[in-house]
Amino acid sequence: MKGLVIKNTGSWYTVKTDDGPVVDCKVKGRFRLKGIRSTNPVAVGDRVEIVTNQEGTAFITDIADRRNYIIRKSQNLSKQSHILAANVDQAFLIVTVNYPQTSTTFIDRFLASAEAYRVPVVLVFNKTDLLDEDELHYQEMMMQLYETIGYRCVAISAVASVTSTDGMPPVKADSPSNDSRYTSVNSLLPLLTGKITLFSGNSGVGKSTIINGLVPGANLRTSEISDVHNTGMHTTTFSEMIPVSDADGSGYIIDTPGIKGFGTFDMEREELTSYFKEIFHFSKDCRFSNCTHTHEPGCAVLKALEEHYIAQSRYNSYLSMLEDKDESKYREAY
């Protein structure tokens, strides 16, 4: 029997079978020994084959080839990976300029990993209603940077159409909900139609509130952010596919637990350039084909950086990922 993995709680997998029924499954013991260096050998979005025994217990016995996936280094096991989701059409990375602040290094690491596995990404800037003028200006600069590179950016306020605050401080009086610089979560609906979309981001950025606004009845749990550290707490503890109400019923949101860091996995130094679109563009003009863009003479990337065609923040992210290979460890700070 074949089906689609729609939920992963860590020990159990919920599979929607092609025949219709939803079945809770475990992974067959020998299946874990196939050399999959992952904390979760089966991921939400996987197409799988299942069998049942005489006791009525179901087991996953095989995974179909994945067309793509989003992967990061396991936080506790540096030599293993953690697959966020498989077989997705796109990813929405939820970011916030404040409450809490999402670092550009985190964004760039996620984008590079998505490029490596051919997953298009939309950057969704949330909590725009809470920002003061300086923060709004910074957000606009960030959006302009990533749009120039080639990534779609959307500025929203989850509370413009949802009453749950998901850890947001009270809305500022000088930031009315009809501010033209952002819109409600409803603006995301046309981008979700007919697609399987992974939602990811740091803990506390409002991901659960956004999904609650997009999918009536989802009722995902939300929580306050830490006043001391301006960081979020995990409210989603497992990955799950949530149907989106669209015309053909084929749209899904994959909700994943919030992540504090994004360690890259299985990226070779010589490949890294191609995962940064603008760096790859200029690298074609470097004097040496094996240029690392760090010190070599005739490096077109360093020249573009000096002339501000490449943002310093993006170049710094590139350098930090080069260091990952040397340090061979998870870098939680990102």
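**Entry 1: the second largest cavity**

I looked up which element gives the largest share of the lining of the second largest cavity, and found strand β7, residues 81-86, with three residues. I note here that the model is a predicted one. The full lining list reads N8, N40, V42, A43, V44, H82, I83, L84 and S239. I sorted these residues by class and got five nonpolar, four polar and no charged residues. For the volume of the second largest cavity I have about 40 Å³. I then asked how many cavities of 30 Å³ or more a search of the whole structure finds. The search returns two.

**Entry 2: helices α1 and α2**

I turned to helix α1, residues 104-116, and helix α2, residues 133-149. Their axes come within 13 Å and cross at roughly 25°. Angles under 35 degrees count as roughly parallel, and I therefore enter α1 and α2 as roughly parallel to each other. For the handedness, I recorded that α1 passes α2 in a right-handed crossing.

Which residues of the two helices meet? On the α1 side I listed T104, I107, D108 and L111. On the α2 side I listed Y138, M142 and Y146. By class, the residues of this contact between α1 and α2 are five nonpolar, one polar and one charged.

**Entry 3: the loop before α1**

I went back along the chain to the loop between β8 (90-95) and α1, where P100 lies. Y99 lies in that loop between β8 and α1 as well. Is the peptide bond from Y99 to P100 cis or trans? I found it cis, with omega near -5°. I also checked the backbone of Y99 and wrote down a phi near 65°. That is a positive value, and Y99 is a residue other than glycine.

**Entry 4: P243**

I placed P243 in strand β12, which covers residues 239-243. S239, a residue of the same numbered range, was already on my list for the lining of the second largest cavity. What does P243 touch, leaving out residues up to four places away in sequence? I noted V215, G251 and Y252. I also looked up the pair P243 and I253, which stand ten residues apart in sequence. Their C-alpha atoms are 6.4 Å apart in space.

Terms used:
Residues are numbered from 1 along each chain as its sequence is written. This is a predicted model: local features need pLDDT of at least 70, side-chain atom pairs count only at pLDDT 80 or more; totals for chains, interfaces and linings use all residues. Side-chain values use heavy atoms; hydrogens and water are left out. Axes are lines fitted to C-alpha atoms, for helices over the stretch in contact, and angles run from 0 to 180 degrees between N-to-C directions. Helices (H or I, at least four residues) and strands (E, at least two) are DSSP runs, numbered from the N terminus. Angles under 35 degrees count as roughly parallel, over 145 as roughly antiparallel, 65 to 115 as roughly perpendicular and the rest as oblique. A crossing is left-handed if the near helix is turned anticlockwise from the far one by less than a right angle, and right-handed if clockwise. Contact means heavy atoms within 4.5 Å. Ala, Val, Leu, Ile, Met, Phe, Trp, Tyr, Cys and Pro count as nonpolar, Asp, Glu, Lys and Arg as charged, and the others, Gly among them, as polar. On a 1 Å grid over the protein atoms alone, a cavity is a set of points where a 1.4 Å probe fits but cannot get out, and a pocket is an open set with protein on both sides within 12 Å along at least five of seven lines; lining residues have an atom within 4 Å of a point. Grid points are joined across faces, edges and corners, and a volume is the space filled by probe spheres set on the points.
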